[in-house]
Amino acid sequence: MPGPTLEMERVEPQSLKKLSSKSLKRALDLFAPLHSQLPPPDPESKKIRMSHKISIEYGGIVPTASQKPTRTADSGAPSCGPAGPSNALALPDSRNVKTEAGQNAFVVGPSAPKEPNHIGISGKGTLVVSAPGSYERNPSTSAIMERISSRWPRPEWHAPWKIYRVISGHLGWVRSIAFDPSNKWFCTGSADRTIKIWDVGTGQLQLTLTGHIEQIRGLAVSSRHTYMFSAGDDKQVKCWDLEQNKVIRSYHGHLSGVYCLALHPTLDILLTGGRDSVCRVWDIRSKMQAHALSGHDNTVCSVFTRPTDPQVVTGSHDSTIKFWDLRYGKTMSTITHHKKSVRAIAQHPKEHAFASASADNIKKFSLPRGEFLHNMLSQQKTIINAMAINEEGVMATGGDNGSLWFWDWKSGHNYQQSQTIVQPGSLDSEAGIYALSYDVTGTRLVSCEADKTIKMWKQDENATPETHPLNFKPPKDIRRF
């Protein structure tokens, strides 16, 4: 027969709050039986606390070892020990002041080693006050006394730039420029509907190419083939064979003028952006459109490409910058920091960063995530049409009013402001810069201007930091956007 079954006691379900209050009550009953009475003060901890407070407040005041504290006449005969040599400097007129009994004499001298545990509050005698310029300072006031240096990076010194050659030849505004990878020649596109090829060393005209029926706004020279690409307001994108000096391919698809053009560094791909708010991706060989990168609300006026994602970056008149995934033809991210049209963007040749120029500000962003780094420290206060950066960290920006400003890339400091001079016979209002480009070495800068000239700039070889000092003041308040 089976034995009698034992019934288990039923446990009442209890809330978490009730259980925690029970546990707290048990702990209080165990460790603090007298709830109303405070624990008695610990004399040892009080002594340590007072000693620490005294060392913090009076750490720089130490009694001298050369003098003994004086005694009053009531306590017996005054016995003064021999005064040893002291390196303490007396205060002004301190030699004529006699120290009475019960008073302390203070002299100024170099700070002595700290002995916080031997300082008495009611001690009598001569004390040494550490000089303000001494190495050891009261830690409570040293933070106030020390000048806090700016964390903003100090700009590197760059020699100023100057014009050394003016080239005339075009019959209209010069709108675009591109350098040959061999650095022997460069080409310019103009509103006179021609492309001219110039020698870099002499500035002589070598060739004139015709074929467009409107002004030419974009040029690029391939480093992989003997091809040059051009785009203009006539909606046409052309591929020129430089061995035959003629057009061998045309890329049809834009619905309006083409404003910018870029070549992919590693793929046979061409990118063009225009007034139809679309950046189109072309296969160079087959002339087929691979993607139409649509997403901007206004003209796409600037574009650059890179070998890694984001491989395409575009700036638009809708004041946004977009990163594109070239594989799927989709937007990766959109940057909305600018308030005005982004007419120029330029990638740093070495760093993973780029700058974008707008009428409100010039901003620096990191790649590949597009994080905002900082604004440039000055405002050009004009529409900026062109921007170029060389490997030494000199960024040049050209404006609609003919201003050409040079910036230090690292700090954003504007170290030179130049104003272009229109050629004789032109109006002052034609002082506008439409395109900028460094040569392959980064030592020469070429500007394309509204007075139909091409100006070549180089750094002043005779300039030194003494003749052209760096006038830099760190910014007090940094705008976040």
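## Two antiparallel sheets and a nonpolar core

In this predicted model, strand S6 (residues 185-190) and strand S7 (residues 194-199) run antiparallel to each other and are joined over five bridges. Within this pair, Phe186 lies opposite Trp198 of S7. Both strands belong to an open sheet of four strands, ordered S5-S6-S7-S8, with antiparallel pairing. Its edges are strand S5 (174-179) and strand S8 (205-210), each of which pairs on one side only. From one strand to the next, the twist averages 20°.

A further open sheet of four strands has the order S25-S26-S27-S28, again with antiparallel pairing. Here the edge positions are taken by S25 and strand S28 (414-419), each pairing on one side only. Neighbouring strands of this sheet are turned by 15° against each other on average, direction ignored.

The strand pairs described with their opposed residues are set out below.

| Strand pair | Bridges | Opposed residues |
|---|---|---|
| S6 and S7, antiparallel | five bridges | Phe186 and Trp198 |
| S25 and S26 (residues 394-399), antiparallel | five bridges | Ile389 and Met395 |

Met395, which stands opposite Ile389, is also a member of the largest nonpolar core. Of the 14 residues in that core, Ile362, Met387 and Met395 touch the most other members. Two or more residues each are contributed by strand S21 (344-347), strand S22 (353-357), strand S25 (384-389) and strand S27 (403-408).

Beyond its neighbours within four places in sequence, Ile362 is in contact with Met387 and Met395, and also with Ser356, Ala357, His374, Asn375, Met376, Gln380, Ile384, Thr397 and Trp407. In soluble globular proteins, nonpolar side chains tend to be buried together.

Definitions and conventions. Residues are numbered from 1 along each chain as its sequence is written. This is a predicted model: local features need pLDDT of at least 70, side-chain atom pairs count only at pLDDT 80 or more; totals for chains, interfaces and linings use all residues. Side-chain values use heavy atoms; hydrogens and water are left out. A nonpolar core is a set of buried Ala, Val, Leu, Ile, Met, Phe, Trp, Tyr and Cys residues joined through side-chain atoms within 4.5 Å. Buried means under 20% relative accessible area, exposed over 50%, partly exposed in between (1.4 Å probe, protein chains only). Contact means heavy atoms within 4.5 Å. Two strands pair if DSSP finds at least two bridges between them. Axes are lines fitted to C-alpha atoms, for helices over the stretch in contact, and angles run from 0 to 180 degrees between N-to-C directions.
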